[in-house]
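Let's take a walk through this one together. Have the fold up on your screen and follow along.

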Amino acid sequence: MKALVHNTISKEMYLKSGFDLNSIITIFHPTPNIIEEYPEKNMALKDEIYRKLNLNNDSIVLSIVGFIHKYKGYDDIIKLLTILPDNYKLIILGDKHPRGTDSYYNKLLNNISKNSLENRVFITGYYDEKDLSTFCDLIDIFLAPYSSKFTSGSGAIQIGVQSKKPTIAYDIESFKDLNKEFEPICLVKEGNIGELKDKIIKIADNNELKDYYIDQAKKYLLDNSYYRLAKQTIEIYNDFME
């Protein structure tokens, strides 16, 4: 028996179930380069966000991607906005899960209103993939302050990795996996909003540091492209057949 797994958490589960270490093969999820597939910009959308957030040359735009769930750290991000200067804005790329409830989504809206952040937060709702390059044009830093209690991985963080913008995430196990070969994302201690704030400000003010994470992400994308990992997976299955 052999097992093909996609992260360290899955690997540990197989080890606990009795698999031998040598019988487990790890191959990470590939990252599609969606943004480069759709380079055209939606100028009407861009203008709408500029007006809504009152963006100017001093603005620093943060973003979080994917279906809106509590475990993704929205509460931490709203708290973060209240301690960051007013020129820091937030674009939430996504909406509530179509099979979920409105309860947490409504709580998030109330939290934004309670902290008087309506003019600093833009929620896109469900978006067309073709508009990703438009959003990425506006965004300076992607965030992924996920909780380790509720997630073993994330497809949404791949948007940040391919965006040519830095990504900062909590140091949960699956995100540590992404950084094993390269360092495509900057990791901070899970739940440490103070460290997250300091890292955001540091990266926003340091072009050399920005370029470092962007360069590392490019290397990660090449190493984890659909073509390369599909080829590797075929080779693994051919070995199984033999």
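Which elements each supply at least two residues of the lining of the largest cavity? Keep in mind that you're looking at a predicted model. The elements are β3 (60–65), β6 (141–144) and α7 (157–161). Of these, β6 gives the largest share of the lining, with three residues.

Now for the cavity itself. Searching the whole structure turns up one cavity of 30 Å³ or more, and its volume comes to about 50 Å³. If you want to pick out its walls, click on Ile 64, Val 65, Phe 142, Leu 143, Ala 144, Tyr 146, Ala 156, Ile 157, Gly 160 and Thr 167. Sorted by class, that lining has eight nonpolar residues and two polar ones, with no charged residues.

Two of those lining elements, β3 and β6, also lead us into the sheet. Six strands make up this open sheet, with parallel pairing, and you can read them across as β5-β4-β3-β6-β7-β8. At the edges sit β5 (121–123) and β8 (186–188), each of which pairs on one side only. On average, neighbouring strands are turned by 25 degrees against each other, ignoring direction.

Head over to the β8 edge for a bit more detail. Strand β7 (residues 167–170) runs parallel to β8, and three bridges join the two. One pairing to look up is Ala 169, whose bridge partner in β8 is Leu 187. Packed on the sheet you'll find helix α9 (residues 193–204), which touches β3, β4 (88–93), β6, β7 and β8. The direction of α9 makes about 170 degrees with that of β7.

Methods
Residues numbered from 1 in each chain as written. Predicted model: local features only at pLDDT ≥ 70, side-chain atom pairs only at ≥ 80, totals over all residues. Heavy atoms only, no water. 1 Å grid on protein atoms, 1.4 Å probe; cavity = no way out; pocket = protein on both sides within 12 Å on 5 of 7 lines; lining within 4 Å. Points joined across faces, edges and corners; volume = space filled by probe spheres on them. Helix = DSSP H or I, 4+ residues; strand = E, 2+ residues; numbered from the N terminus. Nonpolar A, V, L, I, M, F, W, Y, C, P; charged D, E, K, R; others polar. Pairing = 2+ DSSP bridges. Axes fitted to C-alpha atoms, helices over the stretch in contact; angles between N-to-C directions. Contact = heavy atoms within 4.5 Å.
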